[in-house]
Structures are given as C-alpha cells and as structure tokens.
Amino acid sequence: MGSGNYWLEIFNSYVGSLPLLIMVFLEIIAVVNIYGMNNLAMSLRADAAQCGGVVVEFESDDIREARARKARSRSGSALIYLRGPKFLIYVSGALSMWGDRMWHFAISVFLIELYGRNLLLTAIFGLVVAGSVLLLGALIGDWVDRNPRNKVAHASLLVQNISVTVCSIVLMLVFLYKQWIESIWDGWLTVVCYTVVIVLADVANLASTALTIAIQRDWIVVITGYNRGHLAGMNATMRRIDQVTNILAPLAVGQVMTLASNVIGCGFILGWNLVSLIVEFIFLSRVYRIVPALSVKPPAPEDGQASLERPAERTEGLVERRGSQVEQSEVVTSAPGLSDDDMSLNLKEITNLPLCFGRFRWLLSTCKDGWRAYYRQDVFLAGMGLAFLYTTVLGFDCITTGYAYTQGISGSLLSLLMGVSAITGLMGTVMFTKLRKAYGLVNTGIISSCLHLCCLLLCVCSVFAPGSPMDLRLLMPFLDKHTYPMRGGINQPLLPDRSSIHWTNNTVLFENMPSGMEPDSYISIILLFLGVITARIGLWSFDLTVTQLLQENICESERGVVNGVQSSMNYLMDLLHFIMVISAPQPQHFGILVIISVLFITTGHTMYFLYARKAKRKPAGRLDT
C-alpha cells in the first residue's frame with residue numbers, strides 16, 4: 001500500500017509540475033541558443049585577432065537585452081498565472097474536493113462506529129442523501145439560475161462548511177459522552193443526535209451539489225471565454241484533481257482516525273473546513289472580481305439557439321424574444337371572454353391561497369419545469385446515457401471490494417489496485433484532451449464509449465471463467481442440482497461484518513482474512529479487476545465528453561436547473577444498483593449483477609450513439625474552438 005501510494009504521489013507530482021517542466025525546458029533551449037551565439041562571437045573575435053582584423057560586437061547588446069526580457073517575462077508570466085482565475089479555481093476546487101472526500105469517507109465510518117458497527121445508519125444516510133438530491137436537484141439548479149453567481153457560490157460554500165463544522169462538533173460530543181447521552185430520555189437523546197448528524201450531513205451534501213453545479217458547470221465556461229479548447233483543458237484538470245483527492249484525502253483522514261481516535265478525526269475535519277472556508281471564499285471572490293463576465297446573466301435564448309455563443313452575439317435574438325413575449329402577454333390580457341373584473345377575481349383567488357399550499361405548488365411547478373427543460377435539450381440522450389452508467393457494480397466501491405474480499409483478495413492488494421485505477425482515470429483525462437483536439441467532441445464520446453464497452457467484456461468473461469462463484473442454477477433452474485465448487489463463504493454476503501475492518505481508505509482493509517475463503521482459481525477475479533481498471537480510461541473520457549456537451553449546449557439561464565436534474569438522474573440510477581445488490585446479496589449472485597451492469601452501460605452508450613447520429617446531421621454552429 002505504501003509503495004503504491006508512493007509511486008502514485010510521484011506520478012501526481014509529475015503531472016502537477018508538467019507545465020513548469022515545459023517552461024524550464026524552453027528556457028534551457030533559449031539559454032543554449034544564447035550560449036551558442038556567445039561562442040560564435042568569441043570565435044569570430046579570436047579569428048579576427050589572429051588575422052589582425054577587427055570585429056564589431058553587435059551581438060552582445062541583443063543578447064543582454066534578450067536575457068533581461070526573458071527574465072522579466074518569466075517572472076511576470078508566473079505571477080500572472082498565480083493571480084489568474086484558472087489557478088484560483090484549481091486551488092479552490094482542490095480544497096473543496098479534498099474536504100468533500102474526507103467528509104464522505106469519515107461520516108460513513110462514524111455512523112458505523114456509533115451504531116455498534118452496524119450498517120443501518122450508513123444505509124439510512126445513503127438513502128436520505130440520494131433521495132434528497134433526487135427530489136431537490138431541479139430546485140437546487142433553479143436556485144443557482146435565479147441568483148447572482150457570487151451569492152450562489154458564497155451561500156453554498158458557507159452552508160456546506162458550517163453544516164460540516166456543526167456536525168463534527170455534534171459527533172465529537174457524542175463520542176466523548178456516549179454513555180451519558182444514552183442514559184437520558186431512555187436513549188431517545190441518542191436518536192435525536194443521530195438524526196441531527198444525518199440531517200446536517202445531508203444539508204452539506206446538497207450545498208456541495210449546488211457549489212459543484214455553479215463552479216464546474218457554469219463558472220469555468222465563462223472563465224474560458226466560451227472557448228471549447230480552453231474549456232476542455234479546465235474540465236480535464238478539474239477531473240484530475242478529483243481523481244487524486246479521491247485517493248489521498250480518505251487515506252489522510254483514515255490515518256488520523258486510526259493512529260489517533262475518532263474524536264481527533266472529527267477535530268481534524270472541523271479545522272480543515274474552517275481554513276478551507278476562508279481560503280475558498282477569498283479565492284472565489286477574487287475570481288468574480290477579475291472576470292467581469294461572471295456578473296452578467298443573460299435571459300434564456302430561443303429554443304435551438306447555440307448556447308456557447310458569447311452574450312454579445314445573442315443580443316438581437318433576445319430583443320426579438322422579449323418583443324414576442326410582450327405581444328403574447330398582450331394577447332393574454334386582451335383575450336375575449338375575460339373582463340378586468342374576472343381577471344382581478346382570479347388573481348385574488350390565487351393570492352388568497354394559504355402560503356404553504358402556494359409554496360408547495362410553486363415547488364412542484366419548478367420541479368416539473370426543470371424536468372421539462374432537461375427533456376427538451378438537444379443533449380438529453382447524452383445526459384441520460386451518462387446517468388445509465390451509474391447503475392453498475394463495476395467500480396471501486398464497497399460492493400466490488402466486498403466481493404473481492406470474499407474471493408480472497410487482501411486489503412493491501414485492493415489498495416494497490418485502487419491506486420492503479422486512479423492512474424488509468426488520469427490517463428482517461430489525458431486521452432480526452434487529445435481525442436477532442438484531433439477528432440472533435442462528439443467523435444471523442446464515440447471512441448470513449450467503444451473503448452469502455454470493449455474493456456467491460458473482460459468483466460463479462462470473468463463471470464464464466466474458472467474461479468467464478470456464480471451458480472448457473474440461478475439462470476437455469478432445470479439443471480441438475482449439484483454443489484457448485486466454492487470453498488467456504490458461499491453464503492458470505494458482499495458486505496461482511498465491519499468488526500474486522502481497518503478503515504484507512506475508500507477501500508476497506510480487513511485485518512484478518514478468514515481461512516477457507518480462497519477460490520479454486522484466481523482467473524475470474526483477475527479478469528474482473530483487469531476489466532474494471534482498464535475501463536476507467538474510456539469511462540472518464542466519456543464522462544468529460546458528456547460534461548462538456550452539457551456545458552456547450554445548455555443556455556446560461558438553464559445551466560443550473562438542467563445540471564440539477566442531471567444530478568437527480570445520476571442519483572436515481574445509482575440507487576438502482578444498490579437495489580440490485582440488496583436483491584442479490586450473495587457472491588454467487590455477483591455474476592448476474594455484472595451482466596445486468598454491462599446491459600445498463602450498453603444501453604447508456606447506445607443512447608449516446610443515437611445522440612451522436614442526430615448531432616452529426618445538424619450543421620455546425622459558429623462557435624469558438
């Protein structure tokens with residue numbers, strides 16, 4: 001585990017310092033050229049001296065001026081980049097993602113520890129989080145659209161960090177005074193504390209969703225100046241940061257919790273959120289000041305209008321649309337059969353409705369309008385295709401790692417495989433930028449989809465390979481009843497008892513491997529993880545493709561609500577895969593789950609192929625590249 005993380009840190013540091021290395025390389029080339037010019041001048045002077053001639057040293061002034069200009073430009077360009085909006089967004093995003101990853105990992109562990117190493121609270125928390133985003137995703141996006149960008153970012157940041165801070169304080173008190181709390185109100189105070197923790201954690205997740213929609217789906221589009229190439233670069237960089245923090249952040253907080261205590265872990269997260277809140281608030285405020293376009297939110301353009309055009313290019317269409325809206329309102333107000341008294345009576349009836357019913361009806365109307373806006377988008381099929389990819393057990397989550405544990409894979413090897421999967425995810429982000437530049441965005445999605453599906457064929461092969469625990473009687477009940485060869489653990493669930501778990505990462509590391517758990521052959525599990533790891537190259541390239549398609553093809557006034565509905569769809573499809581596991585929880589069922597997952601993923605990519613076919617028939621718009 002240590003060796004894998006060591007090389008991963010080396011790789012990440014290399015990727016992070018790649019622009020600096022390129023700059024240094026260019027400077028070395030310039031110095032070599034200058035050094036060659038100096039040698040040439042010295043040789044000319046020496047030859048002239050031997051011949052008794054005179055050489056005019058016209059090169060020396062140019063060389064000195066070039067050196068001074070290079071030094072000024074190098075320091076100036078570095079300072080400009082460090083103060084620029086891109087760097088500030090990267091730092092702010094890294095801090096936010098690091099805090100999110102730490103908190104999502106720690107809260108699951110805390111809930112397990114609080115409830116006697118039982119998964120009930122964790123399951124309730126997961127259901128509440130998924131259900132809240134599913135129901136409120138459109139409302140969150142609508143709130144992002146209707147408010148100024150700086151207020152949305154600051155409010156989301158404050159709510160998220162304050163919720164995590166208060167939740168950490170409550171958890172610290174519960175851990176310190178658990179026995180005393182359990183003795184009050186016959187234990188009902190404990191239930192109240194658990195409820196407060198879950199509610200606060202859910203509020204923090206909703207605020208994090210709003211912040212992600214605002215920054216990663218809206219701000220960076222404006223910061224890049226509506227340039228597709230720059231937008232692809234920023235999207236890829238943000239995803240690389242997310243991949244790195246997904247590995248290192250849980251590892252860091254897990255080590256604190258393991259070496260110290262859960263109370264110290266809560267304090268560590270609390271301190272991180274307070275510091276991160278201040279830094280992110282300052283950086284986002286500065287980005288908002290130095291990018292004037294962020295303060296402008298134009299109204300919705302006409303349906304079908306290109307959405308990645310600059311605001312100035314939409315002025316004429318918007319004026320025409322406003323005029324048509326005024327005409328329509330005049331027609332409504334002058335409609336026959338509706339006198340002024342009748343209209344005033346209708347308005348009075350609406351205003352006389354109870355406030356709660358009026359608010360509830362407005363919420364339902366907003367949700368309905370959000371889903372309608374999502375459905376009428378040109379990229380609807382692409383977004384649905386991405387959502388279908390969430391219904392899978394072929395990822396490095398607790399389901400897959402639990403299955404690997406039942407197949408005799410150690411925790412240290414799982415951590416190493418997780419580090420390798422992070423590297424392949426980074427390779428996917430690099431491949432995305434290369435393919436987009438060479439073949440275009442839509443074709444990049446097609447290539448990524450094909451690569452993803454081809455790699456997942458290895459997972460399908462693992463179901464029928466030697467060592468697979470799948471019982472074919474589940475598919476063909478008429479087969480002769482016989483004992484399927486699997487050593488021990490045939491009734492071992494995919495999520496074993498957490499009493500022997502050592503929490504140090506997203507992967508659960510088991511301290512003691514039960515005897516008799518090894519399968520007859522490791523071919524099946526090798527094929528499974530080979531397919532899962534290699535498929536992440538195409539997966540993350542496809543994810544970035546659909547993300548940029550949503551950014552490019554959704555108008556500014558609807559980015560929030562459409563991306564909110566997209567988040568709801570992602571959570572809905574993610575819930576389905578947990579329902580699948582609940583319905584088939586045994587290791588011998590896992591092969592069926594793999595096949596169902598591949599079918600969902602194939603359906604998602606088929607939806608994207610239909611979108612790509614439709615998009616290629618449309619004439620290309622006049623957009624920046």
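Start by selecting Tyr608, which counts as buried because its relative accessibility is 0%, and keep in mind throughout the tour that the model is a predicted one. Next, add Phe542 to the selection; Phe542 is likewise a buried residue, with a relative accessible area of 0%.

Now turn to the aromatic pairs, of which the count comes to 10. Begin with Tyr403 and Phe590, whose rings are stacked, with 3.9 Å from centre to centre and 10° between the planes. Colouring the helices helps here, since Tyr403 sits in helix H15 (residues 398-406) and Phe590 in helix H20 (residues 590-617), so that the pair links distant parts of the chain, 187 residues apart. Both Tyr403 and Phe590 are buried.

Return then to Phe542 and Tyr608, which form an edge-to-face aromatic pair, with 5.2 Å between the centres and 80° between the planes. Because Phe542 lies in helix H18 (residues 523-553) and Tyr608 in helix H20, this pair ties together parts that are 66 residues apart in sequence.

For the next stop, select Trp371, Tyr374, Tyr375 and Phe380, which together form one aromatic cluster.

Finally, select helix H4, residues 85-114, and draw a distance between its end C-alpha atoms, which are 42 Å apart; at 1.5 Å a residue, the 30 residues of H4 should span 44 Å, so the two values agree. With the surrounding chain shown again, consider how H4 is placed: 21 of its 30 residues are buried, and the helix is therefore largely enclosed by the rest of the structure.

How values were computed. Residues numbered from 1 in each chain as written. Predicted model: local features only at pLDDT ≥ 70, side-chain atom pairs only at ≥ 80, totals over all residues. Heavy atoms only, no water. Helix = DSSP H or I, 4+ residues; strand = E, 2+ residues; numbered from the N terminus. Expected span 1.5 Å × (residues − 1). Buried < 20%, exposed > 50% of the residue type's maximum accessible area, 1.4 Å probe, protein only. Phe/Tyr/Trp six-rings, centres within 6.5 Å; stacked < 30°, edge-to-face > 60°.
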